[in-house]
Each structure stands twice: as C-alpha cells, then as structure tokens.
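Q: Could you take me slowly through one part of this model, the open sheet, and show me how its strands are ordered and what packs against it? I am in my first year, so please connect the steps as you go.

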Amino acid sequence: MKSPLSSSSSSSSMGVLRKPRLSPYLFTLLTFIVFITILYGEDFICIFGQLEPIPGRAISRPVKKREKLAFAIGKSEEKCDVFKGRWVRDELTRPLYEESECPYIQPQLTCQEHGRPDTEYQKWRWQPHGCDLPSFNATLMLETLRGKRMMFVGDSLNRGQYVSMICLLHRLIPEHAKSMNSYNNDALTVFRAKDYNASIEFYWAPFLLESNSDNAVVHRVSDRIVRRGSINKHGKHWKGVDILVFNTYLWWMTGLDIKILKGSFEDEEKEIIEVSAEDAYRMAMRSMLRWVRKNMDRKKTRVFFTSMSPTHGKGIQWGGEPGENCYNQTTIIEDSNYWDSNSRKTIMKVIAEEFSKSKFPITFLNITQLSSYRKDAHTSIYKKQWSPLTAEQLANPVSYADCVHWCLPGLQDTWNELLFSKLFYP
C-alpha cells in the first residue's frame with residue numbers, strides 16, 4: 001500500500017491547480033478600456049483613415065494647418081478681393097507724398113516738374129468692393145525690412161513701382177542714414193537705410209531671361225532676342241533677397257513672334273528660332289518659377305509677381321476720338337467693364353496656368369484691371385525726353401505722348417498699397 005502524500009506535497013499540488021485572482025484595479029482599468037472602445041471605436045478608426053465616418057456623427061479630425069506665409073501678421077477680410085473695386089476721389093489723404101519731397105523719382109516720371117498743369121491724377125484712392133485696403137504703414141514696412149533685402153526685378157514699369165516704394169518710406173529715414181547707388185553698369189540700383197541695415201533694390205531684366213536688351217541704359221533694340229534657359233545670368237544677383245517683386249510683359253509685346261536663342265550670344269553661328277509671344281512668355285514663366293523653387297526659402301521669404309500694366313494709346317477704345325490717346329486726359333474711365341485691348345488675356349491665361357503648378361507660393365498682384373481705368377495717370381508729354389523733339393512732334397503732342405509709364409506720385413503708389421496689403425495680410 002502506498003503511503004499517503006505528505007502535507008507539503010499536497011499543499012504544493014493544490015497551489016499549482018489554484019486559479020490566479022484578478023486584481024480589482026486591473027479589472028476596473030480593463031472594463032474602462034472596453035467601454036471607451038465600444039463608445040468611440042468607430043471614431044478612432046475614422047481618424048486614422050481606415051473607415052468613412054458614420055453619417056450624422058460629428059468627429060474630431062486632425063486638420064492640416066494652413067501654411068503661414070513669411071511676414072504675414074494677419075489675414076484679409078473674408079471674401080474680399082482687393083483687386084476688384086472702384087476709384088474714389090480723396091483730397092484728404094492723397095497724394096501720399098509730394099513730387100518735390102522725393103528726390104529719387106527719375107525725370108521721366110516727374111510730371112509736375114515738366115509742366116503738367118493739373119494735379120487731379122494724384123487725388124484718387126482705390127476702394128475695393130465690400131472691404132478696405134489697410135493704410136500703408138511706413139514704420140511697419142521699415143521695421144519688417146530691418147536686416148533684410150527687398151528687390152524689384154523687371155522693366156521700367158517695375159522700376160517705377162520701386163521708386164514709389166522708396167518715396168513712401170524715405171521720409172522716416174534721416175538724410176545721413178540713407179543712400180542710393182547703382183552698380184553693374186546701372187543694372188542694379190540699391191537704396192540703403194543704414195540704421196535698419198536694410199536695402200530696397202531694383203534689377204533691370206525686362207525679359208527676366210538674358211537678352212540683347214539687358215543694357216539698363218541703351219536697350220532700345222528693334223530686333224529683340226531672348227536666350228533660352230538663361231535665367232541664372234541675372235538670377236545670381238537675386239540670391240539672398242528676402243522679398244522679390246517680379247514683372248515682365250511689355251517687352252514681349254512686339255506684335256511679332258519672339259526670337260529665341262538656343263545657344264550663347266558669344267557663339268559665332270547662332271541658332272535662333274521664332275515662337276509666339278505666348279509660348280515664349282510661358283518659357284520665361286517656367287524658368288522664373290524653377291529658379292524661385294530652387295533658390296527661395298518658403299518659410300522665410302516672399303515672392304510677388306505684378307501683372308501687366310495697361311497702355312492707353314488708342315482713345316477709340318474708351319469712346320474717345322480717333323487719333324486720340326492719353327495726351328490731355330484728366331478724367332478716369334468709369335466703365336467698370338473696360339479692358340485695354342493691348343493687355344492680352346492669353347498672357348494672363350499663361351500666368352494662371354503656370355502659377356497654379358508652382359510648388360512655391362507666388363503672390364499675384366493683379367493691377368491690370370484697376371490700372372486700365374486710369375488713362376489720366378500717364379506721363380504723357382510731361383517728362384524728360386530721350387532725344388530732342390522735332391518741329392512736327394511739337395506741333396502734334398499726341399505723336400510723342402508716353403502712354404505707357406505713370407506719373408509719380410500717382411497710380412503706382414496704389415500698386416504698393418496692394419503689395420503692402422498682400423505682404424502683411426495675405
């Protein structure tokens with residue numbers, strides 16, 4: 001007969017067979033987790049993108065934060081398009097400065113100095129529909145530019161906007177603390193605000209790409225040629241800029257196809273092809289956008305592009321007499337549907353198509369329509385002439401009136417008010 005198991009052996013065997021007891025704290029925790037999972041499980045799944053949300057149930061989704069543009073301190077009013085509006089008379093706040101107070105205006109734009117008898121063109125303010133433009137704050141602009149570079153790149157119309165910006169700012173800077181100098185055979189003009197360690201610059205590049213019209217002084221070339229893929233020729237001077245303002249349009253509008261150079265201007269035998277203005281312009285836009293993407297920091301810098309500036313060379317377009325142009329025009333065009341036929345909508349389409357593909361945010365300053373109403377604001381005959389006028393010209397001022405450029409102060413100050421608005425309140 002086998003002896004009975006010892007007490008110690010019996011206790012050990014019973015210990016092996018006994019079920020472990022569940023901690024009450026652990027039980028409570030597990031119960032809570034199961035409850036939450038049942039209640040919100042489907043929402044959790046939706047958040048992680050595995051299922052569509054249950055209709056009728058509101059859930060919290062992770063929202064992608066909209067990228068804040070550099071220099072922005074606020075945002076524009078909801079559903080406010082600052083480029084759509086009307087011109088209103090304002091004798092209290094216009095002009096924003098006097099022509100005689102700004103020594104930086106080129107003689108090609110000083111209309112009062114050159115005999116314009118009226119100042120009515122200076123007293124218009126742009127009023128967007130349903131909202132207001134923020135007032136131009138020169139102190140804020142200068143403080144923002146402290147330690148930074150702002151550059152306008154393009155043709156003489158962009159140079160006019162550049163000079164307007166300086167006129168809007170320079171009064172806050174003591175005489176000994178500001179300077180303006182030209183470099184690189186006058187292609188680069190630099191205004192410096194020394195106490196701010198800031199510069200506002202203009203770089204002459206009417207096509208943005210290299211061309212045979214790149215001489216900033218002598219550039220009246222009838223047979224214009226643009227070199228393909230050459231933006232770095234000028235772009236090397238734009239590197240390190242914090243705020244870039246581009247424009248290019250007028251020089252492409254010859255009425256003919258554009259000559260495109262495939263090689264170099266130094267080649268003995270040059271390969272030149274001719275393409276439409278739209279195709280050539282698209283080539284330039286793609287080059288500019290590629291350069292911006294490679295050389296600008298989207299978190300620290302801003303890039304603007306100013307649309308085409310209208311001309312007023314044919315009075316019949318706005319209901320004037322045949323042979324009439326901007327000469328002696330002292331009133332604005334009040335037809336809100338007026339469009340300058342020289343401002344090609346096909347070019348606007350190219351800009352829209354190419355900019356929509358850009359991986360770098362470009363702020364478009366659409367000044368074309370609002371400027372088209374201002375047949376009164378051109379320099380006309382009231383400017384320094386490039387060459388002596390003939391007796392025939394003097395007898396017929398319409399024949400030599402400049403209906404391309406704008407008097408300062410004047411319309412281009414509004415362009416900078418719009419730039420200010422989009423820089424700080426995009």
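A: This is a predicted model, and a fitting place to begin is the chain as a whole, where residues 24 or more positions apart account for 75% of the contacts with a separation of 6 or more. The chain has 10 helices and 14 strands, and 47% of its 426 residues count as buried.

Turning to the sheet itself, seven strands make up an open sheet with mixed pairing, and their order is S4-S5-S6-S3-S8-S11-S12. At the edges are strand S4, residues 178–183, and strand S12, residues 362–365, each of which pairs on one side only. If you look from strand to strand, neighbours in this sheet are turned by 15 degrees against each other on average, when direction is ignored.

Starting from the S4 edge, you can follow the pairing of S4 with strand S5, residues 188–193, which is antiparallel and runs over six bridges. Two places help you to find this pairing in the picture: Lys-178 stands opposite Ala-193 in S5, and Ser-182 stands opposite Thr-189 in S5. The hairpin of S4 and S5 has four residues between the strands, and in this hairpin Asn-184 takes a positive phi near 55 degrees.

Strand S5 is mostly covered, with five of its six residues buried. S5 also pairs with strand S6, residues 198–204, again in the antiparallel sense and over six bridges, and here the bridge partner of Val-190 is Glu-201 in S6. The hairpin of S5 and S6 likewise has four residues between the strands, with Asn-197 taking a positive phi near 50 degrees. As you trace these strands, it helps to keep in mind that side chains in a regular strand alternate between the two faces of the sheet.

Moving on towards the S12 edge, you meet helices that lie against the strands. Helix H6, residues 277–295, packs on the sheet and touches strand S8 (243–246), strand S11 (302–306) and S12, while the direction of H6 makes about 165 degrees with that of S11. Helix H7, residues 345–355, lies across S11 and S12 and runs at about 160 degrees to S12. S11 and S12 are therefore a good place to look at both helices, since H6 touches these two strands and H7 lies across them.

How values were computed. Residues numbered from 1 in each chain as written. Predicted model: local features only at pLDDT ≥ 70, side-chain atom pairs only at ≥ 80, totals over all residues. Heavy atoms only, no water. Pairing = 2+ DSSP bridges. Axes fitted to C-alpha atoms, helices over the stretch in contact; angles between N-to-C directions. Contact = heavy atoms within 4.5 Å. Buried < 20%, exposed > 50% of the residue type's maximum accessible area, 1.4 Å probe, protein only.
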